[in-house]
Amino acid sequence: MGLNYINKGSAANDKTGTPARQAADIINGNFDYLDNRIVSLENPDGVLKSGEIDTDVLNVDVAADAFEWQIDQVKFLDNPAFHAVLDAATDGYYRKDVLLGDNTGGYNIFKGDEDPTSATEPSLFPVGTIKLGVIDVYGAVITGSIPVDVGGKEDKANKNQPNGYAGLDSSGRVLSSLLPSYVDDVLEGYLQSNVFYLESGHTTVIPAETGKVYVDLTAGQKNKQYRYSGSTYIQITNGLIASTDDVAEGAINKYSTLALVMSYVLTGISFATGTAITAGDSILSAFGKLQKQISDIITSKQDVLVSGTNIKTVNRKSILGSGNLVLNNAFSLKFFRNYFTSISGFTAVGTTPAYSDGKMVFTAGASNFTKYLTIDGLKNTDENIDIEVVFKVGTVNAGSNGIAIGKRSFNSWYDASLACHYNPVQSTAYIWDPTTSTQISNKAVPTVAVNDIVRLKYTQIANNIVFTYYNITQGVAGQITVIGNLGTTKNFKIPNSSDICIWNLGGTQNIISVKVTSLSNLNPNVVCIGDSKTVGYSAGNNSLRWSSNIQSLGTVIVAGGDGDRTVETNQTIDYTKLINAKYAILCIGRNDLGSSVSSATWQANYSNIVSQLQVAGTTVIHLLPIPEITVSDQSVLKNWIITTYGSGNCIDPSVGWSNATMLSSDNVHPNEVGHAFIANTIINSGLIAQISENVFPKINETDQLIVAANTTNYIPYSNGSGFSDSDMYRVASGRYAQGTTSPFNYGAGFQSFEVRGTSFGLISVGKIGNTNTHYFSSKGDFGYFGSNVNGVLNNSLQINPDGSIALNKDGATSATIPSARLEIVSTTQGFLPPRMTNAQRLAIVSPAVGLIVYCTDTTEGLYIYKSTGWTFVI
């Protein structure tokens with residue numbers, strides 16, 4: 001309603017105006033209306049108390065008494081708890097919902113409108129309600145909530161009341177009646193004859209009150225403070241202390257300054273005695289003793305350092321001379337960044353990252369590996385490397401395919417790349433050949449959520465690739481391991497000369513940090529640089545390649561890749577020379593001939609590779625082309641190397657080479673025998689001295705000691721001639737052999753070494769002082785693993801000639817059962833399958849057909865997994 005008006009009539013006493021009684025009623029009604037308006041203005045609708053709005057996914061919870069409000073002058077206090085489940089917004093859309101309080105003391109949710117970019121808060125609400133807070137919704141999750149700010153409003157009823165608030169007077173000050181009595185307990189004045197005065201002239205006396213503090217403003221008194229005891233003023237402070245000059249120096253705690261101490265001279269110091277310093281010595285005496293001790297040490301030691309006499313080298317660098325001696329760690333950090341503001345340090349292809357809060361933000365990726373970043377300055381053929389990226393998941397919806405890390409080949413002739421991919425949408429980890437988008441391996445990962453922080457790690461040790469993923473937020477980790485085949489066929493291409501790469505595959509992903517670490521030993525004695533013949537293709541495994549069989553030359557690492565040519569090696573030389581090897585065995589150029597690179601180009605590349613290594617202090621040994629059938633004529637490469645660098649710096653593997661026994665079936669690469677031959681050729685060339693880095697001390701070819709040690713531990717070098725069956729010696733490859741009829745012998749075929757006896761061969765391992773051992777033995781066509789307890793052999797595992805296995809403990813040879821791959825022999829014990837709960841059984845990821853487990857709960861018993869699912873057996 002509003003105010004009503006009284007009709008006074010058109011003229012006096014014309015009886016057209018409002019009668020007096022009715023006029024009085026109108027006036028009273030107007031007064032009632034004004035009273036209500038005044039009350040409404042003094043007590044408007046509003047939120048009296050604002051609490052917390054708890055959210056989880058789409059759940060909204062408000063605790064009891066969290067909010068209080070007033071509607072139409074009615075206060076709603078002590079309100080009950082509230083719970084609601086919001087409707088999900090359309091996937092990818094935003095919405096703002098409003099928490100309302102109503103005129104019954106209850107809560108309601110007012111749903112807002114959806115928008116694909118940003119939502120707007122509703123402005124109109126139902127009558128009889130009041131806004132308590134706003135809840136942000138994105139898709140199927142609540143992303144935040146904001147309660148209303150009550151703005152520090154106070155209830156007028158609490159004005160000037162206990163536990164309320166104080167009002168102000170007309171001057172804007174708190175009423176003196178509301179102030180505590182101790183507000184004026186500190187008074188200032190001038191002390192004279194135990195009396196405080198307001199003026200320095202001591203005219204107006206300040207009344208003395210017990211317990212109050214008085215500050216003396218008299219000049220020279222430095223604001224000394226007094227407390228009135230009831231009869232006299234008692235001094236409680238010395239007043240203002242501007243410096244140590246204001247306080248007299250005590251008898252014990254003397255003043256001391258840095259300048260004063262540093263200025264003391266050592267008058268009276270004596271260097272006569274160098275005995276141990278004791279707690280009773282003065283500083284002067286202690287300095288004298290210390291100087292005497294140092295002088296005596298220097299005098300008693302050799303004062304001239306002579307290389308090779310009283311010093312050693314570190315990483316082949318002498319400590320003689322001036323300057324700093326740089327020592328490198330075994331593993332080298334090649335790149336690390338955990339704050340991003342620009343593309344600096346990276347090269348982007350097909351993608352333009354953004355930067356926010358120190359993170360590199362990937363958006364608009366491509367699932368076909370065409371959008372990526374490479375790290376500048378890290379072109380490499382390092383076969384032992386660790387690449388780690390930590391990122392925060394920004395989106396988990398269609399197209400959010402995440403990121404991949406790994407190596408991207410820049411070899412245009414033979415592309416060998418590898419990518420380790422973490423896909424948030426598919427909850428799967430993959431290893432890909434990104435060039436052909438060929439999947440090599442995959443593994444399911446737990447469901448990923450927005451804002452999860454994930455660490456990805458690509459680890460390569462030669463032909464072994466390990467992809468490790470760790471959801472830091474969820475505390476869940478896993479890994480995929482693939483091993484590249486070094487036989488005559490390949491299961492996937494092992495990366496060659498490559499860039500370190502991060503692929504943007506789709507969605508919003510926030511890169512937090514990037515780290516690259518070389519796992520190759522720095523400062524090796526030898527680095528082998530080359531192509532697939534150096535990497536070990538067709539050797540069978542890493543231990544059989546020629547570069548792994550020259551360990552008697554010291555620490556050896558490989559820097560090469562399948563299909564590499566001089567152009568790729570030249571591009572990686574800046575990285576390779578930082579390895580700081582003493583020697584480099586260079587075997588490159590065959591693929592230049594095979595891919596028709598011009599002589600001028602490969603010769604220029606080769607020359608620069610050699611020059612760069614020599615500038616870095618590395619001696620280059622040239623391994624001439626390894627013979628093959630496919631590119632049968634490599635003479636142009638061989639002759640140019642000999643002419644340019646001299647035959648004295650070259651090793652020729654063609655001397656004594658046989659394609660029939662040393663070449664693999666692909667007619668290109670050496671087989672195991674060929675790799676062993678190349679290794680022996682390199683060692684016997686004498687261009688790289690064998691060094692004492694193995695466990696055993698050695699005697700060289702002329703019986704000169706390399707390491708002085710207990711003579712009973714010497715192991716001589718030999719080619720095997722002139723020794724009896726009881727003698728043990730070191731052969732040219734650095735391996736060890738015994739005798740001439742091979743009880744313990746180096747093998748040229750599949751054997752690294754072999755152990756033979758007249759009845760059987762046996763290797764036994766045990767602890768010193770303990771008669772019980774474990775052994776591996778071979779007897780007839782059978783092999784055994786077992787234990788030797790008090791002289792009794794217990795064959796725990798028998799390997800049959802056909803490769804099948806028998807588990808037994810009777811010590812006797814069991815006959816082969818042709819139809820069985822695994823036999824368990826016992827008359828006292830049984831077979832115990834894996835035992836687990838029903839929930840654990842159902843949680844097995846991708847169970848194989850034929851898998852057997854024993855369930856310990858629900859329906860207890862033996863289960864087998866068939867093509868149709870799990871089946872209870874018994």
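Two strands count as a pair if DSSP finds at least two bridges between them. Keep that in mind for the first close-up, and note that everything here comes from a predicted model.

**Figure 1. Strand 4 and strand 5 run antiparallel and are joined by 3 bridges.** With at least two bridges needed for a pair, the 3 found between strand 4 and strand 5 are enough. One contact to look for is Gln-70, whose bridge partner in strand 5 is Lys-75. Zoom out a little and you'll see an open sheet of 3 strands in the order 1-4-5, paired in the antiparallel sense. Strand 1 (46-49) and strand 5 are the edge strands with a single partner each, so one side of each has no neighbour in the sheet. On average, neighbouring strands of this sheet are turned by 25° against each other, ignoring direction.

**Figure 2. Asp-72 and Ser-193 both sit in loops, Asp-72 between strand 4 (68-71) and strand 5 (74-76), and Ser-193 between strand 12 (186-192) and strand 13.** What makes this pair of spots worth a look is the backbone. Most residues other than glycine have a negative phi. Asp-72, though, has a positive phi, near 50°, and Ser-193 has a positive one too, near 55°. Asp-72 is exposed, with a relative accessible area of 56%. Ser-193 is exposed as well, at 63%.

**Figure 3. The ring of Phe-196 meets the ring of Tyr-226, one of the 26 aromatic pairs counted in the model.** A pair of aromatic rings is described by the distance of the centres and the angle of the planes. Here the centres of Phe-196 and Tyr-226 are 6.1 Å apart and the planes make 70°, an edge-to-face arrangement. Phe-196 belongs to strand 13 (residues 195-197) and Tyr-226 to strand 15 (residues 225-228), so this pair ties together parts of the chain that are 30 residues apart in sequence. You'll find both Phe-196 and Tyr-226 buried.

**Figure 4. Phe-391 and Tyr-422 are edge-to-face, because their ring planes stand at 75° with the centres 6.3 Å apart.** The cut-off for edge-to-face is over 60 degrees. Phe-391 comes from strand 22 (residues 384-393) and Tyr-422 from strand 24 (residues 418-423), which makes this a link between distant parts of the chain, 31 residues apart. Phe-391 is buried at 0% relative accessible area, and Tyr-422 is buried at 2%. Leu-418 also lies in strand 24, and it is buried with a relative accessible area of 0%. From the C-alpha of Leu-418 to that of Thr-435 is 8.3 Å, with their positions 17 residues apart along the chain.

**Figure 5. Aromatic rings gather into a cluster made of Phe-67, Trp-69, Phe-76, Phe-82 and Tyr-107.** Ring pairs do the linking here.

**Figure 6. Two charged side chains sit over tyrosine rings: Lys-334 over Tyr-575, and Arg-841 over Tyr-863.** The charged end of Lys-334 is 4.8 Å from the centre of the Tyr-575 ring. Arg-841 lies over the face of Tyr-863, with 4.2 Å to the ring centre.

**Figure 7. Strand 32 (residues 526-530) is mostly covered, with 5 of its 5 residues buried.** Which residues point to each side of strand 32? Val-526, Cys-528 and Gly-530 take one side, Val-527 and Ile-529 the other, and all of them are buried. Strand 32 also pairs with strand 33 (residues 556-560) in the parallel sense, over 5 bridges. Within that pairing, Cys-528 has Val-558 as its bridge partner. Another 5 bridges join strand 32 to strand 34 (residues 583-587), again running parallel. There, Val-526 stands opposite Tyr-583.

**Figure 8. The whole chain, for orientation, holds 12 helices and 52 strands.** The chain has 874 residues, and 37% of them count as buried. Take the contacts between residues at least 6 apart in sequence: 53% of these join residues at least 24 apart. The accessible surface of the chain is about 47,400 Å², and 54% of that belongs to carbon and sulfur atoms.

Definitions and conventions: Residues are numbered from 1 along each chain as its sequence is written. This is a predicted model: local features need pLDDT of at least 70, side-chain atom pairs count only at pLDDT 80 or more; totals for chains, interfaces and linings use all residues. Side-chain values use heavy atoms; hydrogens and water are left out. Rings of Phe, Tyr and Trp (its six-membered ring) pair if their centres lie within 6.5 Å; planes under 30 degrees apart count as stacked, over 60 as edge-to-face and the rest as tilted. Helices (H or I, at least four residues) and strands (E, at least two) are DSSP runs, numbered from the N terminus. Buried means under 20% relative accessible area, exposed over 50%, partly exposed in between (1.4 Å probe, protein chains only). A charge sits over a ring if NZ of Lys or CZ of Arg is within 6 Å of the ring centre and within 35 degrees of the ring normal. Axes are lines fitted to C-alpha atoms, for helices over the stretch in contact, and angles run from 0 to 180 degrees between N-to-C directions. Contact means heavy atoms within 4.5 Å. Accessible areas come from the Shrake-Rupley method with a 1.4 Å probe; for residues, only the protein chains shown count as cover.
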